Amino acid sequence: MMRKLALALALFSALCGRAQQHTAENCFTSPFDFPLLLSANFGELRPNHFHNGIDIKTQGVTGKPVRCVAAGYVARVAVLHGGYGQVVYVNHPNGLTSVYGHVISFAPAIQQAVRAYQYAHETFVCDLTFAPGELPVRQGEVIALSGNEGASAGPHLHLELRRTATNEYIDPMPYFKRYLKDTKPPVASLVGFYPVPGQGVVDGSAAKKLAPVSRLGTPVTAWGKIYTGISAKDYMDGTSNFYGVHSVTLYVDSAKVFRSVTDAVMPDENRMINAFTDFEELSRTRRLIMRSYKSPGNLLRLLHTDGNRGVVDICEERDYRFRYVLEDNFGNRRTYSFTVRGRKQEIPAREERRGQTLCWNRTNVVQRPGLELVVPKYNLYDDVKLRAGICGDSAGISFDYVLDAGYTPLHAWCPLSIGMRCLPVADTAKYYVVQKWGRRRAPMGGKYENGWMKTRVRSLGTFAVALDTVAPRIVPLGQEGWRASRNIRFRVSDAGSGIASYKVYVDGKFVLFALKKGVLVIQDKERVKRGEAHKVEAVVTDCCGNVGRRECSF
């Protein structure tokens, strides 16, 4: 009797587990009425971040109705120049939030709330939150029209799922995979072999070795401590796009030494992708190689290693069998096997860079005459050497300060102060910090304080103080067609500190314009009446307070 009861309970538990899994996977419906094809998946490798959602193609056009994937309420709406562009956040009773990015417009109730705020505050950019009862939505209800807004390279919907309580990004694929087809396994292009400096060697060299997968049949010789990496992409049926690989597992002689599973990422983990990938290779060649190694300061939860953080000790003269297993969300799998042949070789001493040691697990302060950089604790992923040099014209506003740590990423913003040598103009608001790469310049902002320009930086390089007294440039586009189309546009640019804000007035009244890829574009054509004469004034202010104005009549 007891045995039958136990079997019955086990069967009941299994059925309940399957029912819960079925409910979880089917609680969200498709955001579109047409078959889904993806242009990007969750966890795809990007510079400085993982792709935190799935990108759904919209058949090459904008304006497709976007339907809410489950019942809930609109919790947040944001309008930005870059990033998501225009985005809607919907909270659901199951503790998840769905996010719809790059949309061209919102449902009428949402649009009305956004427009009211934009005109009340005379701004295009806004970030609004709503209480649970203000904007309820039903499953399948149209909440927006798809677009190509913000940092988007083509028409699509960026769809995310987040845990409402923590804002953690989770992989949407398990909830929408029934709408997709994928029978193609991931494909690797090359494998990297990385000697640990001063402790390992590969093919007689302390330098890394990159080998195309077509040449993995020939063993690589090594001695001492090494780790490996792999460059790979995934593919899906019905499209030529490529995607990130969901999981990567490395075995050495049947022992698992590394595994990555891109199923969830916290916002503050995103930039840790720079420690997961070969940052030097990405910076030099734009190639993305996933390293099977976990740096001391890399806290990515999606990386799982043995006690050696993925480092393999080649300490015997024998063949070590390496095997990579790549798998996607649909269970499609491909294996790459190769041999590392242990052969005693001389291990060169580590070539130490000169400079100040910056430690990943403590706050570092770099000081030179006229310079102070603070690198907070846990802002590096490993210890590095930094060389701080001073160059430039002594008659300049400041010296040029070179902060060189090789190809070293920073995890977050670091306070930087640069001393001023002279003030050509009395207005201290006209100065800003600039980062230099050869002839390229990038404004880093800054505020004057007691002879110093203070700002924050998120990369190392060459920095100086620059002066901006020139107003932004404003050029009307297609003015001869404004009368018929009311499509009023201005190209705006600033060669110095960058554009901070803008406003456009038609007949003295504020009219909403968006800044899209350097062009101001009217958003409310109906506010320009046909058959009447109009005067348009564009006012653009840069980050140093210089104001440009352009008036046009039509």
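When I speak of two strands as paired, I mean that DSSP finds at least two bridges between them, and I will lean on that as we go through what is a predicted model.

Let me begin with strand 7 and its neighbours. Strand 7 and strand 8 form a hairpin that has four residues between the two strands, and in that turn Gly-95 has a positive phi of about 90 degrees. The pairing of strand 7 with strand 8, residues 96-101, is antiparallel and runs over four bridges, and within it Asn-91 stands opposite Thr-97 of strand 8. Strand 7 also pairs with strand 6, residues 72-79, again in the antiparallel sense, and here there are six bridges. One of the positions to look at is Val-77, whose bridge partner in strand 7 is Val-88. The hairpin of strand 6 and strand 7 has six residues between the strands, and there Gly-83 takes a positive phi near 55 degrees.

How much of strand 7 is buried? Six of the six residues in this strand, residues 86-91, are buried, so strand 7 is largely enclosed by the rest of the structure. If we take the two faces separately, Gln-86, Val-88 and Val-90 are buried on one side, while Val-87, Tyr-89 and Asn-91 are buried on the other, so that both faces are covered, given that buried here means under 20% relative accessible area.

There is also an open sheet of three strands, in the order 5-12-9, with antiparallel pairing. Its edges are strand 5, at 65-67, and strand 9, at 105-106, each of which pairs on one side only. Strand 9 is joined by two bridges to strand 12, residues 142-145, and these two strands run antiparallel; in that pairing Ser-105 stands opposite Leu-145 of strand 12.

Let me turn to the aromatic side chains, where the count comes to 14 aromatic pairs. Phe-32 and Phe-34 form a stacked pair, with 4.7 Å from centre to centre and 20 degrees between the planes, and both of these residues are buried. The pair of Tyr-505 and Phe-510 has ring centres 6.3 Å apart and planes at 75 degrees, so it is edge-to-face. Within that pair, Phe-510 counts as buried, at 11% relative accessibility. Elsewhere, ring pairs link Phe-193, Phe-322, Tyr-324 and Phe-338 into a cluster.

Two rings have a charged side chain over the face. Lys-177 lies over the face of Phe-330, at 5.0 Å from the ring centre, and Arg-323 lies over the face of Tyr-251, at 4.4 Å from the ring centre.

That brings me to the charged pairs more generally. Side chains of opposite charge can pair when their charged atoms come close, and in this model the count comes to 31 salt bridges. I have picked out three of them.

The side chains of Arg-284 and Glu-281 meet in a salt bridge at 3.1 Å, N to O. Both residues lie in helix 5, residues 279-285, three residues apart, which is about one turn of the helix. Are these two partners buried or exposed? Glu-281 is buried, with a relative accessible area of 1%, whereas Arg-284 counts as partly exposed, at 45% relative accessibility. This pair also belongs to a network of salt bridges, in which Lys-208, Asp-278, Glu-280, Glu-281, Arg-284 and Arg-287 are linked.

In another salt bridge, the side chains of Arg-333 and Glu-327 meet at 3.1 Å, N to O, and here Arg-333 is exposed, with a relative accessible area of 53%.

The last pair is Asp-404 with Arg-353, a salt bridge in which the closest N and O atoms are 3.7 Å apart. What does this pair link? It links distant parts of the chain, since Asp-404 sits in strand 31, residues 400-404, and Arg-353 sits in the loop between strand 26, at 333-342, and strand 27, at 356-358, with the two positions 51 residues apart in the numbering. Asp-404 is partly exposed, with a relative accessible area of 28%, and Arg-353 is partly exposed as well, with a relative accessible area of 30%.

Notes:
Residues numbered from 1 in each chain as written. Predicted model: local features only at pLDDT ≥ 70, side-chain atom pairs only at ≥ 80, totals over all residues. Heavy atoms only, no water. Buried < 20%, exposed > 50% of the residue type's maximum accessible area, 1.4 Å probe, protein only. Phe/Tyr/Trp six-rings, centres within 6.5 Å; stacked < 30°, edge-to-face > 60°. Lys NZ or Arg CZ within 6 Å of the ring centre and 35° of its normal. Salt bridge = Lys/Arg side-chain N within 4 Å of Asp/Glu carboxyl O.
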